[in-house]
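Thank you all for making time this morning. I would like to walk through one structure with you, going from single residues to a helix pair and then to a strand.

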Amino acid sequence: MEKLKEIGRCSAAEWARAMGYGENRNGVTTVIKRIKKTMPDKLQIYYNTRPRLYEVAREEN
């Protein structure tokens, strides 16, 4: 989550490159699915079709 927060709004492919997965975003897709299931309030998803953009949700104090 910290790495995604650093790079801001991005696609799964961009996140995969930032995390060192290269062009293979399958590992990142699995991580995104887990985050959506366990912490849906932590991840903001833009667009319903591809390319989807993901961003860490802002914390409200």
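Before the first residue, a word on accessibility: buried means under 20% relative accessible area, exposed means over 50%, and partly exposed is what lies in between, with a 1.4 Å probe and protein chains only. Please also keep in mind that this is a predicted model, in which local features need pLDDT of at least 70 and side-chain atom pairs count only at pLDDT 80 or more, while totals for chains, interfaces and linings use all residues. Residues are numbered from 1 along each chain as its sequence is written, and side-chain values use heavy atoms, with hydrogens and water left out.

Let me begin with helix H1, where helices (H or I, at least four residues) and strands (E, at least two) are DSSP runs numbered from the N terminus. Lys3 is found in this helix, and because its relative accessible area is 33%, Lys3 is partly exposed. Setting aside residues up to four places away in sequence, Lys3 touches Ala18 and Met19, contact being defined as heavy atoms within 4.5 Å. From Lys3 to Tyr47, C-alpha to C-alpha, the distance is 21 Å, with their positions 44 residues apart in sequence.

Its neighbour in the sequence of topics is Glu2, which lies in H1, residues 2-7, and which counts as exposed because its relative accessibility is 54%. The C-alpha atoms of Glu2 and Thr49 are separated by 25 Å, and these two residues are 47 residues apart along the chain.

Ile7 is found in H1 as well, and with a relative accessible area of 36% it is partly exposed. Leaving aside neighbours within four places in sequence, Ile7 is in contact with Trp15 and Ala18. Ile7 and Val56 are 49 residues apart along the chain, and their C-alpha atoms are separated by 9.7 Å.

Moving on, is Ser11, in the loop between H1 and helix H2 (12-19), buried or exposed? Ser11 counts as buried, because its relative accessibility is 14%, and beyond its neighbours within four places in sequence it is in contact with Arg52, Leu53 and Tyr54.

Now to the helix pair. Two packed helices are described by the angle between their axes and the distance between the axes. The axes of H2 and helix H3 (residues 26-38) come within 9 Å and cross at roughly 110°, where axes are lines fitted to C-alpha atoms, for helices over the stretch in contact, and angles run from 0 to 180 degrees between N-to-C directions. That makes H2 roughly perpendicular to H3, a label covering 65 to 115 degrees, whereas under 35 is roughly parallel, over 145 roughly antiparallel and the rest oblique. On the H2 side the contact is made by Ala12, Trp15 and Ala16, and on the H3 side by Val28, Val31, Ile32 and Ile35.

Finally, the strand. Leu43 lies in strand S1 (residues 43-46) and, at 7% relative accessibility, counts as buried. Apart from neighbours within four places in sequence, the contacts of Leu43 are Leu4, Ile32, Ile35, Lys36, Tyr54, Glu55 and Ala57. For one of these, Ile32, the C-alpha separation from Leu43 is 8.5 Å, at 11 residues apart along the chain.
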